[in-house]
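Please open the model in your viewer and keep the selection tool at hand. The stops below go from charged pairs to aromatic rings, then to the interior, two loops and a patch on the surface.

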Amino acid sequence: MSAATTRSRTARTPVPDRLCAEAVDLARAAAEEAAAPGVVGEHVAVVSEGDRVVTHFFECKEPGYRGWRWAVTVARASRAKYVTLDETVLLPGEDALLAPEWVPWSERLRPGDMGPGDLLPTEADDIRLEPGYTGEDEPPPNSVVSEVSREMADLVDVEDAELTTRPATTGRGAIAAVADELGMRRARVLSRYGLHAAADRWDEAFGAKTPMAQAAPASCVTCAFLVPLAGSLRQAFGVCANEFGPADGRVVSLAYGCGGHSEAAVMPKPPKPVPHALDTMQVDEYPLRPARDSGSVPAEPDAPTEDLGHS
């Protein structure tokens with residue numbers, strides 16, 4: 001049992017070959033040739049990789065590669081007296097300074113990273129998008145469906161001939177023309193997942209759970225500065241048009257709110273001043289003598305007085 005255990009341990013961890021272990025100068029020369037003189041440091045370890053295969057480790061003094069080691073593997077053929085070079089590589093040690101794990105650009109990209117001139121390609125199977133109307137479903141020119149559509153388009157054009165002029169390329173009743181008028185002729189449109197992802201993102205930034213909305217006197221659904229969106233998102237979101245609000249030009253939830261609500265604090269009209277009790281803006285005339293007809297005694301006698309004969 002003891003001999004079997006010894007043979008098992010020897011098979012797992014073979015003893016380094018003597019000639020290969022002594023080939024330190026050969027390994028150092030190979031490391032300096034791969035790196036540069038002065039970058040390869042002291043010899044730190046010898047590891048046996050197999051029968052007559054040994055790896056020598058040297059310190060790396062290159063700035064920025066703390067804890068890294070130059071690994072030079074040498075080998076010797078069976079019954080040969082000369083050691084040959086096998087491989088030279090720079091490997092990290094246990095305390096090596098390593099770069100973070102590589103992440104694809106599509107996962108590293110964050111909102112706001114794009115700048116002027118940057119292009120952001122989308123994958124062909126992006127789950128946020130789904131095929132839109134491209135004209136592929138339009139019936140062939142000579143099919144029965146196409147003839148019926150052309151007749152209907154001609155009738156519509158005749159009825160509206162006095163009102164408007166249509167381009168001769170596509171009829172008004174054609175599927176492509178209707179798609180153009182509705183703004184639906186796009187290669188891809190937002191899928192349901194894309195709509196939900198955008199809604200969750202907008203609600204997290206400007207939704208009912210934000211501190212601003214919690215302290216607001218009212219929600220955006222009753223605000224005059226809210227510009228509703230079109231489509232299915234109209235039921236839950238709009239665009240803020242208050243230049244003094246914190247979300248001006250942003251998509252906000254109808255449950256969001258801020259202190260700039262249009263009806264939160266309506267400024268009262270300035271009060272109308274009460275008219276003065278005494279009008280001091282007009283000149284009052286006060287006569288120095290009373291009027292002649294203002295007293296009970298007439299100012300002049302009715303007839304001339306007679307002489308009573310007194311002296």
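The count of salt bridges comes to three, where a salt bridge is a side-chain nitrogen of Lys or Arg within 4 Å of a carboxyl oxygen of Asp or Glu. The model is predicted, so to speak, with thresholds in place: local features need pLDDT of at least 70 and side-chain atom pairs count only at pLDDT 80 or more, while totals for chains, interfaces and linings use all residues. Residues are numbered from 1 along each chain as its sequence is written, and side-chain values use heavy atoms, with hydrogens and water left out.

Select Arg76 and Asp17, whose closest N and O atoms are 2.8 Å apart in a salt bridge. This pair links distant parts of the chain, 59 residues apart, with Arg76 in the loop between strand 3 and strand 4 (84-92) and Asp17 in the loop between helix 1 (2-12) and helix 2 (18-21); helices (H or I, at least four residues) and strands (E, at least two) are DSSP runs, numbered from the N terminus. Are these two residues buried or exposed? Arg76 counts as buried because its relative accessibility is 16%, and Asp17 counts as buried at 13%, given that buried means under 20% relative accessible area, exposed over 50%, and partly exposed in between (1.4 Å probe, protein chains only).

Next, select Arg18 and Glu22, whose side chains meet in a salt bridge at 3.6 Å, N to O; both Arg18 and Glu22 are exposed. Then move to Arg128 and Asp126, a salt bridge in which the closest N and O atoms are 2.8 Å apart. Here Arg128 is partly exposed, at 42% relative accessibility, whereas Asp126 is buried, with a relative accessible area of 13%.

Now turn to the rings. The structure holds three aromatic pairs; rings of Phe, Tyr and Trp (its six-membered ring) pair if their centres lie within 6.5 Å, and planes under 30 degrees apart count as stacked, over 60 as edge-to-face and the rest as tilted. One of the pairs is Tyr65 with Trp68, which is edge-to-face, at 5.4 Å centre to centre and 80° between the planes. Within it, Tyr65 is partly exposed at 35% relative accessibility, while Trp68 is buried, with a relative accessible area of 17%.

Trp202 and Phe237 also form a pair, and because their planes stand at 80°, with the ring centres 5.7 Å apart, the pair is edge-to-face. Trp202 lies in helix 7 (residues 192-205) and Phe237 in strand 8 (residues 237-240), so this pair ties together parts that are 35 residues apart in sequence. Trp202 counts as partly exposed at 25% relative accessibility, whereas Phe237 is buried, with a relative accessible area of 5%.

For the interior, select Phe58, Trp70, Val72 and Val74, the residues with the most contacts inside the largest nonpolar core, which has 16 residues; a nonpolar core is a set of buried Ala, Val, Leu, Ile, Met, Phe, Trp, Tyr and Cys residues joined through side-chain atoms within 4.5 Å. Helix 3 (24-34), strand 2 (53-60) and strand 3 (68-75) each supply at least two residues of this core, and the largest share, four residues, comes from strand 3. A second, separate core has nine residues, including Ala213, Cys220, Cys240 and Tyr256.Two loop residues come next. Ser219 sits in the loop between helix 8 (211-214) and strand 7 (226-228) and is partly exposed, with a relative accessible area of 25%. Leaving aside neighbours within four places in sequence, Ser219 is in contact (heavy atoms within 4.5 Å) with Leu254, Ala255, Tyr256, Gly257 and His261. Asn242, in the loop between strand 8 and strand 9 (251-253), is buried, with a relative accessible area of 7%.

Finish at the surface by selecting Trp105, Leu109, Met114 and Leu120, which make a nonpolar patch of about 370 Å². Patches are made of residues with over 30% relative accessible area and no salt bridge, like charges being joined within 9 Å and nonpolar side chains (Val, Leu, Ile, Met, Phe, Trp, Tyr) within 5 Å; accessible areas come from the Shrake-Rupley method with a 1.4 Å probe, and for residues only the protein chains shown count as cover. Leu109 lies in the loop between helix 4 (105-108) and strand 5 (129-131) and counts as partly exposed, at 31% relative accessibility.
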